Amino acid sequence: MKLKRRTFVKNLGATLAGVSVAPYLMACETQNKQTVVAEVAALNKYSQKAKKLVKNATSIDMLGTFLNSFTQRNGMSLARTWSTIPNSFTAKDYQFVRSCGIDIFGWGSMKPTYESMLMFMAEQNGIIASNPNYFERIDTKDKLRNLEQSNKIGMLITNQNSNHFKTLDDINLFYGLGQRLSQLTYNGQNKLGCGAFVAKDTGITDYGKKVVQRMNEVGMAVDVSHCGDLTTLGGIEASTKPALITHGACRGIAKGVARAKTDEAIKAMAKTGGVIGIPILRFMIREKEPVQIEHFINHIDYVAQLVGIEHVGIGSDQGLYTEDYGKKEWRKMRLENAPAQYQTHTNEDYLLTIEGLNHPYRTYDIAEELIKKGYKDEHVKMVLGDNFKRVLIEIFKH
């Protein structure tokens, strides 16, 4: 049966490799009729120092893509077409994505089943194979070290759940397909442990500990972002490699947010050598309005003071064009129907992400704010991505 699985995966990846692509737009028309033209000229407002720091860092968004369902081409959602229209990623699209300042995107799926994750892996591998001049799958130490020379867009294939690991051998299988990071649980409960929305977190299971051990062995990063408090600590303790929180905030300053991490968890993560990525979602950064750039930076400050600047980075949990480019009615619905555990709060514009960071060039804004706060150049580069680069090189086996 295992042989048949592997044969199926190999054939599926080969079939999609010639037809899957990742289109994007220089001009992005949103569903609420707004038109946003993203031009390199937009970079003129940033200081030369900020632009230099972004360029010199390996900028990594540990949970972010350059595509979302709001982008349109000829009236059609790109989320429905990016894996079905061959050769639609153009040189202009590439230039736009590169101009945004992010070198590596943590391409995180939310696939809950073995079969759906197989398809996701085939699609991502097909995108890379179809556009070898534009994309690099980030799956080795050398690719991390040499990405700057290739000048390609780095794609780190991940999953926000580990439900697809039906057996321990499945970890080896998906590693072979290119997956390099897996979140132990999403918000609910699975065979590994409990998510942040489970009423009673019983902690990591025996199977979960075995999964972490196997992930360590093969060189796949362990992510506890959505785990409940006990499962978070258990997952970190079970890992002999650095544990990651790719997208999470600090409960010490976002006290009512279930998805924020306790000081105990952040300290435990840092003790392993891990890194936490700060998201740009309003309801994860502050439990009440207003939510501004300064509040995002406060989380970076908090981690730096608690465990050191070498343990914090960025995990936006958004596409380059964020959810704020969706229709206002849709945003309103999202806020009013969000799970109570998110402690959501509304503003008059029903924005979901932080104003000033809810656009494609936000990496430069983060650099500017850190410069204003007096951070050293080397520390700014660490936050932009060098921290995650360092820890991934340590985790990867080859």
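In the predicted model examined here, Glu217 and Arg214 both belong to helix α7, where a spacing of 3 residues, about one turn of the helix, lies between them. The side chains of Glu217 and Arg214 meet in a salt bridge, with a distance of 3.6 Å from N to O. With a relative accessible area of 43%, Glu217 is partly exposed, whereas Arg214, at 19% relative accessibility, counts as buried, because the cut-off for a buried residue is set at under 20% relative accessible area.

Arg214 also takes part in a salt bridge with Asp169, for which the closest N and O atoms are 3.3 Å apart. This pair links distant parts of the chain, since Arg214 is placed in helix α7 (residues 206-218) and Asp169 in helix α6 (residues 169-177), the two residues being 45 residues apart. Asp169 has a relative accessible area of 27% and is therefore partly exposed. Arg214 is thus joined by salt bridges to Glu217 and to Asp169.

Across the whole structure, the search for such pairs finds 16 salt bridges. Another of these is formed by Arg137 with Asp139, and here the closest N and O atoms are 2.7 Å apart. Both of these residues, Arg137 and Asp139, are buried. Arg137 and Asp139 also belong to a network of salt bridges, in which they are linked with Glu136 and Lys143.

A further position considered is Pro279, which is found in the loop between strand β13 (276-278) and helix α10 (282-285). At 0% relative accessibility, Pro279 counts as buried, and the surroundings of this residue can be described through the contacts that it makes. When residues up to four places away in sequence are not counted, Pro279 touches Gly248, Ala249, Met284, Ile285, Phe296, Gly315, Ser316 and Asp317. Among these contacts, Met284 and Ile285 fall within the residue range given for α10. As for His299, which lies 20 residues from Pro279 along the chain, the C-alpha atoms of the two residues are separated by 9.6 Å.

Note on methods:
Residues numbered from 1 in each chain as written. Predicted model: local features only at pLDDT ≥ 70, side-chain atom pairs only at ≥ 80, totals over all residues. Heavy atoms only, no water. Salt bridge = Lys/Arg side-chain N within 4 Å of Asp/Glu carboxyl O. Buried < 20%, exposed > 50% of the residue type's maximum accessible area, 1.4 Å probe, protein only. Helix = DSSP H or I, 4+ residues; strand = E, 2+ residues; numbered from the N terminus. Contact = heavy atoms within 4.5 Å.
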